[in-house]
Amino acid sequence: MTELTAEEIGLVRELLEVEAVRKLMVKFTQLMDANQLDRMIELFLPDARCEFGHYGVWEGREAIYEGFRARAEGNGWMPMKVLRANTNHWVEMTGPDTAVGRRYLLNGASFKETDQSPINYLGLYDEDYRKLDGSWKIQRSSLYFFWPTREVKEGFPGEFPPAR
């Protein structure tokens, strides 16, 4: 077996960072679905921003926490009442401590009757991440809805990943 080249070592390091971002977002989704908001909010930077269509725009951890709290309260604080499956997570490093990502959202409802569609929403997250003190955090999370209503910003989807 031959030694890794410097270029290959750089690619391995990048893959480790990409996987750390993906793990962050899996943790976010599981904590959100479990209504563990006190732990979930720590995954955001203090000045983070969430743009969630008809749910509103939340700036800063306190506002983000309150936005998610209202959603959990609306679900009766029942853990796993809503299950969010995130797929096709594309993470692109934009610098040594910054990255962007896109992932699809399948938002399912465990509370619906068997003759109803279990899908609440189909959407796409468009996000910015930043590494702070050795840990990846969410800087911005924008959720675009595609079903049952379409809520996207002008110019969507734009160029992804952004040109370096």
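**Exercise 1. A pair within helix H3**

Explain why Arg69 and Glu66 of helix H3 (residues 60-74) are separated by about one helical turn.

Solution. The model is a predicted one. Step one is the spacing: Arg69 and Glu66 are three residues apart in H3, which means that about one helical turn separates them. Step two is the contact itself, a salt bridge in which the closest N and O atoms of Arg69 and Glu66 are 2.7 Å apart; the cut-off for such a pair is 4 Å. Step three is accessibility. Arg69 has a relative accessibility of 24% and therefore counts as partly exposed. Glu66 is likewise placed in the partly exposed class, because its relative accessible area is 36%.

**Exercise 2. Salt bridges that join separate elements**

Determine which elements are tied together by the salt bridge of Lys131 and Glu17, and how many residues apart in sequence they are.

Solution. Begin with the total: the structure holds 11 salt bridges. In one of them, the side chains of Lys131 and Glu17 meet at 2.9 Å, N to O. Lys131 belongs to strand S5 and Glu17 to helix H1, so this pair ties together parts that are 114 residues apart in sequence. As for accessibility, Lys131 counts as partly exposed because its value is 22%, while Glu17 is among the buried residues of H1.

Now consider Glu127, which forms a salt bridge with Arg103; their closest N and O atoms are 2.8 Å apart. Since Glu127 lies in strand S5 and Arg103 in strand S4 (residues 98-109), this pair ties together parts 24 residues apart in sequence. Glu127 is buried because its relative accessible area is 0%, and Arg103 is buried because its value is 1%. Finally, a network of salt bridges links Arg102, Asp126, Asp128 and Arg140.

**Exercise 3. The span of helix H1**

Does the expected span of helix H1 agree or disagree with the distance between its end C-alpha atoms?

Solution. Helix H1 covers residues 6-33, which is 28 residues. At 1.5 Å a residue, these should span 40 Å. The end C-alpha atoms are 41 Å apart, so the two values agree. Next, inspect which residues of H1 are buried: among them are Val18, Val21, Leu24, Met25, Phe28, Leu31 and Met32. The list also includes Glu17, Thr29 and Asp33. Last, place the helix: H1 lies across strand S1 (44-51), S3, S4, S5 and S6, and it runs at about 155° to S3.

**Exercise 4. The order of the sheet**

Identify the strands that stand at the edges of the sheet, and explain what follows for their sides.

Solution. First write down the order. Six strands form an open sheet, S2-S1-S6-S5-S4-S3, with mixed pairing. Strand S2 (57-59) and strand S3 (82-95) stand at the edges with a single partner strand each, so one side of each has no neighbour in the sheet. From one strand to the next, the twist averages 15°. Then take one pair inside this order: S5 and S6 pair in the antiparallel sense over 11 bridges. As an example of a bridge, Leu122 has Trp147 in S6 as its partner.

**Exercise 5. Backbone exceptions**

Which residues are joined by cis peptide bonds, the one with omega about 10° and the one with omega about 15°?

Solution. The background is that most residues other than glycine have a negative phi, and most peptide bonds are trans. The cis bond with omega of about 10° joins Trp147 and Pro148, and Pro148 is found in the segment after strand S6 (135-147). The cis bond with omega of about 15° joins Phe156 and Pro157, and Pro157 is also found in the segment after S6.

Turn next to phi. Asn35 has a positive phi near 60° although it is not glycine. Asn35 follows H1 and is found in the loop between H1 and helix H2 (37-40). Its relative accessibility is 14%, so Asn35 counts as buried. Asp133, which is not a glycine either, has a positive phi of about 50°. Asp133 is placed in the loop between strand S5 (119-132) and S6. At 77% relative accessibility, Asp133 therefore counts as exposed.

Conventions:
Residues are numbered from 1 along each chain as its sequence is written. This is a predicted model: local features need pLDDT of at least 70, side-chain atom pairs count only at pLDDT 80 or more; totals for chains, interfaces and linings use all residues. Side-chain values use heavy atoms; hydrogens and water are left out. Helices (H or I, at least four residues) and strands (E, at least two) are DSSP runs, numbered from the N terminus. The expected span of a helix is 1.5 Å times one less than its number of residues. Buried means under 20% relative accessible area, exposed over 50%, partly exposed in between (1.4 Å probe, protein chains only). Two strands pair if DSSP finds at least two bridges between them. Axes are lines fitted to C-alpha atoms, for helices over the stretch in contact, and angles run from 0 to 180 degrees between N-to-C directions. Contact means heavy atoms within 4.5 Å.
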